[in-house]
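Me: I am new to this structure. Please take a close look at one part of it, the salt bridges, and at the setting they sit in.

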Amino acid sequence: MASPNRRGLLRVLGIDPGLTRCGVGVVDVAPDRSATLVHVGVVRSAADAPIEERLAVIATGLRAVLDAHIPDVVAVERVFAQHNRQTVMGTAQASGIALLVAGERGLAAATHTPSEVKAAITGYGNADKRQVQTMVARVLRLDELPKPADAADALALALCHAWRGAPATAAASSALTPAQRAWADAERLARR
């Protein structure tokens, strides 16, 4: 994990990889684990375009986000097994592009499974999309749920990464949400 930037905040770019819709979310996270939305969006590629063009569009879009928001670290959803081979291949290809553009910039990159992210955000590894969106909106103090789901997932990835690496101090513990406290407790138990 990268060290916090000069503002004392850790800026994390979360990427929910996909060929048609690649969710991107940038958050600034303070040492007390409070977070602020910096950017959220989706990089889209045409489903009928050749694969090399689709991957180039995703790379260009991710580079633009990196240029505009200069994150300290990148968090990408880890590809997991699915029954639909075509879907998992596209996700894996987009994930590779996300890791590549992070590497081009010399940024540390980490991957997190969907269940890790759900547990970090909601306290429950099998939470549904709506629960994740609701908690992301609450943590970031948003008036509306982040949409589409790909964008909300990207924000959740960014928050998960920042929280997993940020030590929970006694002073900061009172400012944590119940899900954040549950995650910090689980991390402490896992280290024993």
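Reply:
**Salt bridges and their setting**

In this predicted model, a salt bridge joins the side chains of Asp-67 and Arg-105, with 2.6 Å from N to O. Asp-67 belongs to helix H1, while Arg-105 is in the loop between helix H2 (85–104) and S5, so the pair links distant parts of the chain, 38 residues apart. Arg-105 counts as partly exposed, at 34% relative accessibility. Elsewhere, Arg-78, Glu-116 and Arg-164 are joined into one network by salt bridges that share partners.

Seven salt bridges are found when the whole structure is searched. One of them is between Asp-28 and Arg-11, whose side chains meet at 2.7 Å, N to O. Asp-28 is in strand S2 and Arg-11 in strand S1, and this pair too links distant parts of the chain, 17 residues apart. Asp-28 and Arg-11 are both buried.

Another salt bridge is formed by Arg-21 and Asp-150, where the closest N and O atoms are 2.6 Å apart. Because Arg-21 lies in strand S2 and Asp-150 in helix H5, this pair ties together parts that are 129 residues apart in sequence. The two ends are set differently: Arg-21 is partly exposed, with a relative accessible area of 38%, whereas Asp-150 is buried, with 12%.

Several of these elements belong to a sheet. It is an open sheet of five strands in the order S3-S2-S1-S4-S5, with mixed pairing. Strand S3 (35–44) and strand S5 (108–112) are at the edges; each has a single partner strand, so one side of each has no neighbour in the sheet. On average, neighbouring strands are turned by 20° against each other, direction ignored. Strand S4 (residues 73–77) and S5 are paired in the parallel sense, over five bridges. Within that pairing, Val-76 has Thr-111 in S5 as its bridge partner. Helix H1 (residues 51–69), the helix that holds Asp-67, packs on the sheet and touches strand S1 (10–16), strand S2 (21–29), S3 and S4. The direction of H1 makes about 155° with that of S3.

The nonpolar side chains complete the setting. The largest nonpolar core has 24 residues, and those touching the most other members are Val-12, Val-27, Val-29, Ile-121, Val-136, Leu-140 and Leu-159. Two or more residues come from each of S1, S2, S4, helix H3 (114–122), helix H4 (129–139) and helix H5 (149–165). Helix H5 gives the most, with eight residues. Leaving aside neighbours within four places in sequence, Leu-140 is in contact with Val-27, Ala-35, Thr-36, Leu-37, Leu-155 and Leu-159. There is also a second, separate core of 21 residues, which includes Cys-22, Ala-94, Ala-98 and Ala-102.

Cys-22 is buried, with a relative accessible area of 0%. Cys-160 is likewise buried, at 0%. The structure holds zero disulfides.

Notes:
Residues are numbered from 1 along each chain as its sequence is written. This is a predicted model: local features need pLDDT of at least 70, side-chain atom pairs count only at pLDDT 80 or more; totals for chains, interfaces and linings use all residues. Side-chain values use heavy atoms; hydrogens and water are left out. Two strands pair if DSSP finds at least two bridges between them. Helices (H or I, at least four residues) and strands (E, at least two) are DSSP runs, numbered from the N terminus. Axes are lines fitted to C-alpha atoms, for helices over the stretch in contact, and angles run from 0 to 180 degrees between N-to-C directions. Contact means heavy atoms within 4.5 Å. A nonpolar core is a set of buried Ala, Val, Leu, Ile, Met, Phe, Trp, Tyr and Cys residues joined through side-chain atoms within 4.5 Å. Buried means under 20% relative accessible area, exposed over 50%, partly exposed in between (1.4 Å probe, protein chains only). A disulfide is a pair of cysteine sulfur atoms within 2.5 Å. A salt bridge is a side-chain nitrogen of Lys or Arg within 4 Å of a carboxyl oxygen of Asp or Glu.
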